[in-house]
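Take a look at the sequence and the fold below. We will start with a pair of helices and then turn to charged side chains.

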Amino acid sequence: MKIIILAAGIGSRLGNPFPKPLTPLKNGKSIMQMQVDNLTTKYDVDDINVVVGFKKNLIMERFPELTYVYNPFFDRTNTSKSLLQALKKHKGKSVLWLNGDVVFDQRLLDVIHPYVFEKKSFVAVNTSKVADEEVKYTLKDGYIHKLSKEVKNGLGEAVGINFIASTDIKSFIHRLQECEPNDYFERGLELAIEKDGVKIEAVDISAYNCMEVDFAEDLENVNNFL
């Protein structure tokens, strides 16, 4: 299995002059340092790949032990194309990926690991809240049916941590190629579900803190739970 951190975006909403994954937190670590520290408690650091773009050298110099994929169109594309850049290098392998702005409790990995081990594709979700501006989901026959910010009557929010099994990755890559440049990767998952019948589970991690840092308010909330 490979792990991909999506860290190519400009992150303009937070207003940093540097990549958002390098945002310092109250505990003295950056967002990305927390991610790497947590991931390496259970997985091999050599399996972590980072998609970079905006001011990529700042990230690469800070984390020289990681492997990198460059998205040269980071200023014109969204996460569907950044993820595609990395997945094309790992055809036939299962992949766990996360957005580069997610701060999460290390114990969350114990919840998702059985799905990784059994190679069951999933999206990690928080069922305790359903905010309008977040990616939401619905279920059909126990699996994810719709997954986007436009979903009505969503059952919860996607938290930015996801897994695609090796048996599903070929379909997912194909559908990401169909996505528009500004689509989020969730659109690729929706297409794989709709057109290829890929079964993706919703794994509830609501018991643990997990938050994407988009705005100053998010950063304040993260620092409060740290």
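In which hand, left or right, does α3 pass α5? The crossing is left-handed. Keep in mind that this is a predicted model.

Start by finding the two helices. Helix α3 covers residues 79–87, and helix α5 covers residues 169–178. Two packed helices are described by the angle between their axes and the distance between the axes. Here the axes come within 9 Å and cross at roughly 135°. What do we call that arrangement of α3 and α5? Angles over 145 degrees would count as roughly antiparallel, and 65 to 115 as roughly perpendicular. The crossing angle of roughly 135° fits neither range. Therefore α3 and α5 are oblique to each other.

Now look at the side of each helix that faces the other. From α3 come S80, K81, L83, L84 and L87. They meet I169, F172, I173, L176 and Q177 of α5. Sort this contact by class and you get seven nonpolar, two polar and one charged residues.

Next come the salt bridges. How many does the structure hold? There are 13. Let us visit some of them.

D105 and R107 join their side chains in one salt bridge, at 2.7 Å from N to O. Is D105 buried or exposed? Its relative accessible area is 17%. Buried means under 20%, so D105 is buried.

Move on to K120 and E118. These two form a salt bridge, with their closest N and O atoms 3.1 Å apart. K120 has a relative accessible area of 34%, so K120 is partly exposed. E118 has 46%, and E118 too is partly exposed. The exposed class begins over 50%.

The next pair sits within a helix. R187 and E190 form a salt bridge, with N to O at 3.1 Å. Both residues lie in helix α6, which spans residues 185–196. They are three residues apart, about one turn of the helix. How accessible are the two partners? R187 is partly exposed, at 32% relative accessibility. E190 is buried, with a relative accessible area of 9%. This bridge therefore links a partly exposed residue, R187, to a buried one, E190.

Some salt bridges also share partners. Which residues do they join into one network? The members are R13, K20, D101 and D214. Find these four in the structure to end the tour.

Key. Residues are numbered from 1 along each chain as its sequence is written. This is a predicted model: local features need pLDDT of at least 70, side-chain atom pairs count only at pLDDT 80 or more; totals for chains, interfaces and linings use all residues. Side-chain values use heavy atoms; hydrogens and water are left out. Axes are lines fitted to C-alpha atoms, for helices over the stretch in contact, and angles run from 0 to 180 degrees between N-to-C directions. Helices (H or I, at least four residues) and strands (E, at least two) are DSSP runs, numbered from the N terminus. Angles under 35 degrees count as roughly parallel, over 145 as roughly antiparallel, 65 to 115 as roughly perpendicular and the rest as oblique. A crossing is left-handed if the near helix is turned anticlockwise from the far one by less than a right angle, and right-handed if clockwise. Contact means heavy atoms within 4.5 Å. Ala, Val, Leu, Ile, Met, Phe, Trp, Tyr, Cys and Pro count as nonpolar, Asp, Glu, Lys and Arg as charged, and the others, Gly among them, as polar. Buried means under 20% relative accessible area, exposed over 50%, partly exposed in between (1.4 Å probe, protein chains only).
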